[in-house]
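Q: I would like a close look at one part of this model, the aromatic rings and what surrounds them. Please keep it brisk, and tie the details together.

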Amino acid sequence: MLRCCYLFVFTLLLVSLVPAHADSWTAAEQRERNQEHHEAMLAHPEVEVLPSGLGFQQITEGTGARPSALSSVQVYYHGRLLNGETFDAQLPPDEPIEFILNQVIPGWQEGLKRMREGGTARLHVPPQLAYGAQSVPGIPPFSLLIFDIELVRVIGFRRDEPVQNTDKPTSLH
């Protein structure tokens, strides 16, 4: 319960740093807000900031398979801008979305590879791992994106993915 309250207060703190309409920010203002968010992530003990700048926050540890770049996966997700505005979501009771991991933004590729099937995580995706200077519907240029993701299922590997044999021979005969 305390962890849940802590996460809620942290989220409120981050949302309070930004105005209601992120799409009205200039590129310089957006970069400043991203830097403020990055600094807040560094101070948060439950967010691991990776060398790429991705903030990874494990919410629930999964127990299943871990995907690779060519794995097909099913996920539920909720995507938000820094101001808390939802730009996209795929949530129950709808079916989870399915895709091959190497076909999504680099922030998702890196974050989902750290998860196990059945797990949930929050990804703080900096612009360089999302859409950068490109504007896409609902997402202004240079936006840092926050995703809550549930890795529902790792379906398997595509046939063109090399399979690594980890079996050791028991005998040379």
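How many aromatic pairs does a search of the whole structure find? Which residues do ring pairs link into a cluster? And what lies around them?

A: This is a predicted model. Searching the whole structure gives 5 aromatic pairs. One of them is formed by Y77 and W108, with 5.2 Å centre to centre and 80° between the planes. Y77 sits in strand β3 and W108 in helix α3 (residues 106-112), so this pair ties together parts 31 residues apart in sequence. The pair is edge-to-face, because the cut-off for that label is an angle over 60 degrees. Y77 is buried, at 8% relative accessibility. W108 is buried as well, at 6%. Both calls follow because buried means under 20% relative accessible area.

W108 has another partner, F99. The ring centres of F99 and W108 are 5.7 Å apart and the planes meet at 50°, so this pair is tilted. F99 and W108 are both buried. Distance and angle are the terms to use here: a pair of aromatic rings is described by the distance of the centres and the angle of the planes.

Now the wider group. Ring pairs join Y77, F87, F99, W108 and F147 into a cluster.

The cluster leads straight to the largest pocket. Y77, F87, F99, W108 and F147 are among the residues that line that pocket. The rest of the lining is D88, I97, V104, I105, Y131, I139 and L145. Strands β4 (86-90), β5 (97-100) and β7 (145-157) are the elements that give two or more residues to the lining. The pocket holds about 210 Å³ of space. Its lining splits into 11 nonpolar residues, no polar ones and 1 charged. The charged residue is D88, because Asp counts as charged.

Next, a residue that touches the cluster. R80 lies in strand β3 (residues 71-80). Is R80 buried or exposed? It is buried, because its relative accessible area is 11% and the limit is 20%. The R80 side chain makes a polar contact of 2.8 Å with the side chain of D148. Beyond its neighbours within four places in sequence, R80 is in contact with E85, T86, F87, R122, L144, L145, I146 and D148. F87 and L145 in that list are also lining residues of the largest pocket.

L101 reaches the cluster from another side. It is found in the loop between β5 and α3. Its relative accessible area is 0%, so L101 is buried. Outside its neighbours within four places, its contacts are P67, S68, A69, S71, W108, Q109, L112 and K113. W108 is again on the list. The C-alpha atoms of L101 and S71 are 5.9 Å apart, across 30 residues along the chain.

Strand β7 also carries E150. At 30% relative accessibility, E150 is partly exposed. Apart from neighbours within four places, E150 is in contact with Q74, V75, Y76, G119 and T120. E150 and R116 lie 34 residues apart in sequence, with 9.5 Å between their C-alpha atoms.

Two backbone details belong to loops that adjoin these strands. P92 and P93 are joined by a cis peptide bond, with omega about 15°. P93 is in the loop between β4 and β5. F142 has a positive phi of about 60°, although it is not a glycine. F142 is placed in the loop between β6 (120-125) and β7.

Finally, the whole chain as a frame. It has 3 helices and 7 strands. Along the sequence the pattern reads α-α-β-β-β-β-β-α-β-β. The chain has 173 residues, and 43% of them count as buried. Among contacts with a separation of 6 or more, 69% come from residues 24 or more positions apart. The Y77 and W108 pair, 31 residues apart, spans such a separation too.

Key:
Residues numbered from 1 in each chain as written. Predicted model: local features only at pLDDT ≥ 70, side-chain atom pairs only at ≥ 80, totals over all residues. Heavy atoms only, no water. 1 Å grid on protein atoms, 1.4 Å probe; cavity = no way out; pocket = protein on both sides within 12 Å on 5 of 7 lines; lining within 4 Å. Points joined across faces, edges and corners; volume = space filled by probe spheres on them. Helix = DSSP H or I, 4+ residues; strand = E, 2+ residues; numbered from the N terminus. Buried < 20%, exposed > 50% of the residue type's maximum accessible area, 1.4 Å probe, protein only. Polar contact = N/O pair within 3.5 Å; in protein donor to acceptor, adjacent residues only side chain to side chain. Contact = heavy atoms within 4.5 Å. Phe/Tyr/Trp six-rings, centres within 6.5 Å; stacked < 30°, edge-to-face > 60°.
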